[in-house]
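These are my notebook entries from a session of looking things up in one structure. I began with the empty spaces and then went on to the helices around them.

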Amino acid sequence: MATLLATIVGCTVLLAIGFAIPNGRIINQVVAQSRSGLNSASYQPNGLSNRTDTFTETIGYCIGVLPAHSQMPLWKRVSMVPRCTGGPQVAVMMGHFKRHPNELTGGASPYIRYWSGFSVVSRPALALGGVYMARVVSLLCLVAAVFYLAVMLAKRAGLWAAIGLIGVYLGTTDLLALTSQFTHALAQATILATGAMMLQFGRKWQTVGYLAVVSGGLFAFMDLLTNPPASCALTVAMAGLVGWTGSRRIRTTLVFLASSTLGWLVGFVGTWVARWIEAMPYNGGRTTVSNVRNTAKFRLDGDVSSTGRHYAVNLEPGATTMTNFRMWLSYPLSQYVLTMVIVLALVIIAWLLLRDRHSLVGMLVLLIPVLYVPGYLEIMRSHSQIHSWFVFRDVAMGFAVTAAVCLHFLEEKVRPHAVPVVLRVRDDPAGIRTTEGSDDMNGAARPSMS
C-alpha cells in the first residue's frame, strides 16, 4: 500500500508538472502546423494492413489546453484533466484560443476517466516543436524501451529468448508505424520498459511484488485503455523468469508469478481509481461516479443505455478473443509466426517430456501469464471488439511471451552455458551452505561444507 500511495503521489506531481507547461506555445505550434494535415481525424492506412489512430493523437495534443491566459488553477486542471476538443476540430478550437488568448474557459471538457500521463512527455515536446517533436520524442522513448527490454532479457534468459520476444512483438504488430500515434507509442514504451525493469531489479518475490505495483501504476498513468493485458502478461512473465532462473524451482516460480500478478493488479486498479477520486473535488462525486459507471457498462458489453442505444457486439464466449486473433493474423508475418511458435512449443514439450519433466513443468508454469490475455478480452468484450485494430497487440504479446519462454528452455538445453544462472547461497543453522539454481543438477540443491 505504501508503494501504491507513492506511485499515486508521483503520478499526481508529474501530471501537475506537465500541465504547468504554458498553453500559449502549444497553441501556436499546433495552429501553425494545422495546414499540413496533422489534425485530420480520419484513420489513414498505416502500410501494415491496419489504420493510424490519428483521432486519439488529436486528443493527446489537446489534453490540458485552454486559452493561453486562462486563470483556471493548476490543481483544478490536474483534477479535471481539461481538453479543448478532439478530432479535426482541434485546430479550429486552438485557432479560437489564439485569437482570444485572454478568454476564461470554465466549462472546458473534462477527461476524468484517464490520467493522460503521456502529456508529461508530449506537452513539453509540443511546446518546443509541435506535433513533429512530440512524435520524434515518443518514437525515441519506444526505441529505448525496446532496446532496454532486449538487453535485460538476454542477460536473464538468454539471447534466443530476447530475439523471440522482441522479434514476434515487433514483427506482428504496428509498433513500427507508431511514429504518428504518440499516445500509443508512449503506452507501448511503458509496457516494454516496466517489463525490463522487472528483469533488472527483481530479486526476491517481495521485490517483484513492489515492482509490479509500480508497473501497473505507471501503465494506468500513461495509457488510454489500449493494452492492459499486454502490460500485465509481460510484467508477470518476466517476474516468473526471474524466479525460475534464480532457483529452478516450481514452487518459487509460482510464488513470483502470484506476487507480481497481485502487485500489478493493485497498482493498475489502485492508480486508476485514484484518478477518479482526484477528479471529484472539482467535478463532483455524483458526476464522476456516473461518468465512470456509464463508461464501464459500455466497455464491458456495449451498454450505452445512458444515451438510449446499444452497440452491436458479439457477446458469445470466445468471440472477442477470436476477433482479435483474426486481426492479428491479418498482419503479413503473423501466420508464419503462428506456425513457428506452435512447432517450437510442440518440439520443446516433447523433448522435455522425455528428458527433463521438471523443466517441462517449469515451462508450462511460466506460460500461465499468457492466459491473462484471453481472460481480459472476454471481460472487456465491447471495448476489445470495437477497438480490435489496436487491442490485437495483446494477442501478439501472448505469442511473444510464449516464444521467449520456449526459446529460453531450448537454449538452456542446447547451450546450457549460454543461459545465465543466478545462484543464491544460503546457510542453514547446521552450518551447511546450500547453492540453488545449478545447471548440472537441474535446480536441485547442492550441499557443501562451509
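**Entry 1: the largest cavity**

I first looked up the lining of the largest cavity in this predicted model, and I found that Y114, F219, A220, D223, L224, L225, P228, F268 and W272 form it. Helix 9 and helix 11 (250-283) are the elements that give two or more residues to this lining. Sorted by class, the lining has eight nonpolar residues, no polar ones and one charged residue. I noted the volume of the largest cavity as about 60 Å³, and I also noted that the search of the whole structure finds three cavities of 30 Å³ or more.

**Entry 2: the largest pocket**

I turned next to the open spaces, where the largest pocket holds about 540 Å³. Which residues lie nearest the centre of the largest pocket? I found that they are L225, F268, W272, Y376 and M380, out of 24 residues that line the pocket. Of these, I had already met L225, F268 and W272 in the lining of the largest cavity.

I then asked which elements supply at least two residues of this lining, and I wrote down helix 10 (228-247), helix 11, helix 12 (285-301) and helix 16 (372-379). Helix 11 gives the largest share, with eight residues. By class, I recorded 19 nonpolar, three polar and two charged residues in the lining of the largest pocket.

**Entry 3: the second largest pocket**

For the second largest pocket I noted a volume of about 390 Å³ and a lining of 20 residues, with T56, I59, Y111, R299 and H387 nearest the centre. The elements that give two or more residues to this lining are helix 3 (54-62), helix 12 and helix 18 (388-391), and I marked helix 12 because I want to return to its contact with helix 11, which is made in part by W276 and V292. By class, the lining of the second largest pocket has ten nonpolar, six polar and four charged residues.

**Entry 4: helix 3**

Since helix 3 had come up in the second largest pocket, I looked up how covered it is, and found that eight of its nine residues are buried. I listed the buried ones as T54, T56, E57, T58, I59, G60, Y61 and C62, and I noted that T56 and I59 are also among the residues nearest the centre of the second largest pocket. What covers the buried residues of helix 3 includes helix 2 (23-33), strand 1 (82-83), helix 5 (89-99), helix 6 (119-157) and helix 8. Just after helix 3, I found that G64 takes a positive phi of about 80 degrees.

**Entry 5: V92 in helix 5**

Within helix 5 I looked up V92. Is V92 buried or exposed? With a relative accessible area of 59%, V92 is exposed, and I noted that its C-alpha atom is separated by 8.2 Å from that of V31, although the two residues are 61 residues apart along the chain.

**Entry 6: two helix pairs**

I took the pair of helix 11 and helix 12 first, and found that their axes come within 7 Å and cross at roughly 135 degrees, so the two helices are oblique to each other. The contact is made by W276, A279, M280 and N283 of helix 11 with G285, T287, T288, V289 and V292 of helix 12, and by class it has five nonpolar, four polar and no charged residues.

I then looked up helix 8 (residues 182-201) and helix 9 (residues 205-222), whose axes come within 10 Å and cross at roughly 170 degrees. These two helices are therefore roughly antiparallel to each other. From helix 8, I listed L186, A187, T190, I191, T194, M197, M198 and F201, which meet T207, V208, L211, A212, V214, S215, L218, F219 and M222 in helix 9. By class, this contact has 13 nonpolar, four polar and no charged residues. F219 also appears in the lining of the largest cavity.

**Entry 7: the whole chain**

Last, I noted that the chain has 19 helices and seven strands, and that 54% of its 450 residues count as buried. Among contacts in the chain with a separation of 6 or more, residues 24 or more positions apart account for 76%.

Key. Residues numbered from 1 in each chain as written. Predicted model: local features only at pLDDT ≥ 70, side-chain atom pairs only at ≥ 80, totals over all residues. Heavy atoms only, no water. Axes fitted to C-alpha atoms, helices over the stretch in contact; angles between N-to-C directions. Helix = DSSP H or I, 4+ residues; strand = E, 2+ residues; numbered from the N terminus. Parallel < 35°, antiparallel > 145°, perpendicular 65-115°, else oblique. Contact = heavy atoms within 4.5 Å. Nonpolar A, V, L, I, M, F, W, Y, C, P; charged D, E, K, R; others polar. 1 Å grid on protein atoms, 1.4 Å probe; cavity = no way out; pocket = protein on both sides within 12 Å on 5 of 7 lines; lining within 4 Å. Points joined across faces, edges and corners; volume = space filled by probe spheres on them. Buried < 20%, exposed > 50% of the residue type's maximum accessible area, 1.4 Å probe, protein only.
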